[in-house]
Amino acid sequence: MLKNFLKTHLLPIRPMSCFSHVMNPITGENSWQEREDDYDYHQEVANAGFGDMLHDWERNQKYFAALRKTIKGMRAAGREVHVLDIGTGTGILSMMALKAGADSVTACEAFLPMANCAAKIFTDNGVGDKVQLIRKRSTDIKIGADLDMPQRANLLVAELLDTELIGEGAISIYNHAHAELLTDDALCIPARARCYAQVAQSPLASQWNSLKILPNLDGEALLRPPEQLKSCKGEAALHDVQLSQLPAGTFRLLTEPIEIFQLDFQRKEKREKQREKLVQLQASQPGAAELVFYWWDIQLDDQGEILLSCAPYWAHPELNELSASKEERLPVANVVPWRDHWMQAIYYVPKPPQLATAGQDFYLSCHHDEYSLWFDAMLEAPAKTVRRHTCSCDLHMTYSRSRIGQLNQAIRNKRYLRYLEATIVPKQSNVLVLGNGCMLGLASAALGAASVQLHEPHRFSRRLIDSIVQHNELKNVKYVENVEQLKDTELIALSHVFAEPYFLNAILPWDNFYFGTLLMKLKDKLPEKVEISPCEARIFALPVEFLDLHKIRAPVGSCEGFDLRLFDEMVERSAEQAVSLVEAQPLWEYPSRALAEPQQLLSVDFANFNVEHHLKGSIELTQSGVCNGITLWVDWHLDKTNNPKSIVSTGPSEAVVPGEFVKWDMFVRQGVHFPRKPTDLSGRVAWSTDFKPLLGQLKFGFSQEKR
């Protein structure tokens with residue numbers, strides 16, 4: 001009776017839900033969105049990067065080789081081998097240690113979903129009763145008969161490193177392990193790390209760090225950065241990039257790579273949390289010491305025979321051997337092992353010294369604290385310690401590196417200025433500029449517009465723009481925090497509504513369709529002949545074959561002979577919950593071959609922005625290869641001529657040639673869809689686009705079909 005009552009009268013039990021505060025970038029509206037209670041967990045699992053590491057064949061093979069060699073050597077010396085694996089993740093290193101002959105293995109993992117997954121993986125691989133799994137941080141582990149570990153370990157294996165080497169807290173974790181968890185004669189894998197720096201000059205890369213003069217089409221200065229921007233030292237934080245993908249000819253190396261710090265993981269004494277090193281260098285050629293390229297390598301065994309280097313291709317110690325083993329069509333930049341969890345970094349020198357001649361001496365000041373590094377360069381040795389520099393001008397704290405670079409992008413700027421110089425009538429044009437930090441809209445004031453109103457609701461962005469206005473003595477500019485506060489008399493007097501468009505909340509290129517939302521709030525009050533630019537946006541798609549980027553979403557299957565399908569299933573479930581169908585990536589860093597011609601998926605007329613679109617089509621794949629990615633971008637049409645010089649693209653920087661590598665815009669992130677099951681069958685990609693502008697919904701669908 002009770003059972004039937006419960007079946008018929010009670011609602012079915014469903015997972016707990018929570019509400020998250022979400023901002024829609026296209027509408028600009030904030031709302032509460034209902035999500036499952038474990039949404040944050042799914043996000044963390046899907047984006048943790050474990051899969052990326054497990055696809056790093058060099059890392060896996062060399063860790064395994066170091067474990068075999070080290071354990072064999074310890075056994076030959078008559079020692080038992082008791083392994084501690086800190087941050088075990090999937091448990092792959094623990095299983096390697098067991099297979100290499102360890103007497104006991106203790107693994108710790110603080111992220112409980114990952115720890116639970118590791119326990120199942122251990123069982124699936126037949127070692128569930130051979131690995132002691134501790135679900136806590138290593139710094140919380142206690143040694144004792146009835147505690148977490150019965151005895152100290154004499155071999156530590158761990159992967160606690162990031163692009164800076166120390167950003168995940170490796171210094172403190174190793175210090176604690178040696179003090180509390182390891183024997184006095186314990187060995188570590190990796191045994192030690194070495195950090196390298198190389199001084200360089202790059203007009204291209206320096207665009208990511210400082211605001212340059214904006215010239216008009218004749219090359220004359222139109223807008224100059226104020227003194228506070230020129231005197232700002234910028235941010236000391238790293239800019240992590242795939243250095244090997246910087247185009248040849250866009251940088252000049254001014255020194256050889258030099259070792260600046262070494263971190264001995266095996267040393268019983270504490271590793272210092274703060275160090276500095278002043279290095280005297282000689283320039284190999286004249287130039288400005290603008291940048292420090294940084295990377296590290298690790299010696300996985302005690303003798304330093306098993307080396308893993310994160311160097312860019314030109315400095316990689318195994319470049320010749322790797323080149324001989326790779327396919328002929330592969331660019332030299334891609335013969336070194338790819339990884340996205342350990343990249344290289346650019347650090348920007350605050351005030352780059354000019355090196356007039358080859359052989360000129362100068363100094364590189366290198367520093368690190370517990371979690372990060374910073375650098376400076378100077379012609380004379382500093383009299384005191386160089387302090388970590390910070391932004392004092394609003395530019396670096398307000399805008400991303402890519403946005404700063406975009407503001408300096410010459411070809412892009414010329415296309416906007418070409419439109420503005422052709423349409424702005426001095427002392428007559430009244431311009432409304434929509435967007436954040438719209439320098440090109442501000443340029444209309446310098447071109448003589450009668451009035452320029454800047455929509456700048458963001459406080460820091462407005463303060464930065466105002467400093468440029470004051471420095472260039474522009475008298476015809478005022479700020480608008482909310483477009484709906486504009487008076488009818490101001491709107492009817494407008495001759496131009498202009499945008500780049502760029503908004504701080506935009507992640508994907510089409511998030512900047514917020515321009516259309518703002519425009520629709522004003523549409524009925526604008527004069528009939530007002531110039532709207534951009535007048536149109538077109539979204540394009542291109543099926544590609546990535547060399548490596550697809551691995552961040554690809555299943556692992558097995559790794560060094562161990563079954564990791566349970567991990568794949570866990571990540572796939574989380575990705576379905578928390579990963580967007582299309583995600584943003586800087587595609588210039590990730591080589592891809594075009595498998596077809598680009599195809600337009602959507603065209604939006606900003607004068608009629610509220611119109612919904614429901615479209616379908618297919619893209620014929622004309623090249624053989626595995627379609628493991630669909631790339632997407634926006635072309636902004638500044639006028640209705642379709643003249644290539646009036647189109648600003650966020651996609652390829654050169655014409656796409658099917659079968660060839662695509663050259664991507666380096667100052668914006670494009671969209672990428674990763675097919676769940678990539679196929680190398682020739683055929684087509686079917687697509688659908690649904691755009692509901694009033695709801696701020698833009699949805700894409702993709703599927704691969706046989707021809």
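Q: Is S365 buried or exposed, and how should that label be read?
A: Burial is a matter of relative accessible area, where buried means under 20%, exposed means over 50%, and partly exposed lies in between (1.4 Å probe, protein chains only). S365 has a relative accessible area of 4%, and therefore it is buried. This is a predicted model, in which local features need pLDDT of at least 70 and side-chain atom pairs count only at pLDDT 80 or more, while totals for chains, interfaces and linings use all residues. Residues are numbered from 1 along each chain as its sequence is written, and side-chain values use heavy atoms, with hydrogens and water left out.

Q: Where is S365 found, and which residues does S365 touch, not counting residues up to four places away in sequence?
A: Strands (E, at least two residues) and helices (H or I, at least four) are DSSP runs numbered from the N terminus, and contact means heavy atoms within 4.5 Å. S365 is found in strand β20, residues 361-368, and, with residues up to four places away in sequence not counted, S365 touches K277, L278, W374, F375, D376, M378 and V386.

Q: What can be said of S206 in the way of place, burial and contacts?
A: S206 lies in helix α8, residues 203-206, and counts as buried at 9% relative accessibility. Leaving out residues up to four places away in sequence, S206 touches K212, E290 and Y348.

Q: At what angle do helix α13 and helix α14 pack?
A: Axes are lines fitted to C-alpha atoms, for helices over the stretch in contact, and angles run from 0 to 180 degrees between N-to-C directions. Helix α13 (residues 410-423) and helix α14 (residues 439-446) pack at an angle of about 40°, with their axes 10 Å apart. That makes α13 oblique to α14, given that angles under 35 degrees count as roughly parallel, over 145 as roughly antiparallel, 65 to 115 as roughly perpendicular and the rest as oblique.

Q: Which residues of α13 and α14 meet?
A: On the α13 side R412, N413, Y416, L417 and L420 meet L440, A443 and S444 of α14.

Q: How many disulfides does the structure hold, and why is C108 not bonded to C188?
A: A disulfide is a pair of cysteine sulfur atoms within 2.5 Å, and the structure holds zero disulfides. The closest cysteine sulfur to that of C108 belongs to C188, and it is too far for a bond because the separation is 13 Å. C438 is likewise in no disulfide, as the nearest cysteine sulfur, that of C535, is 16 Å away. C108 counts as buried at 2% relative accessibility, and C438 counts as buried at 4%.
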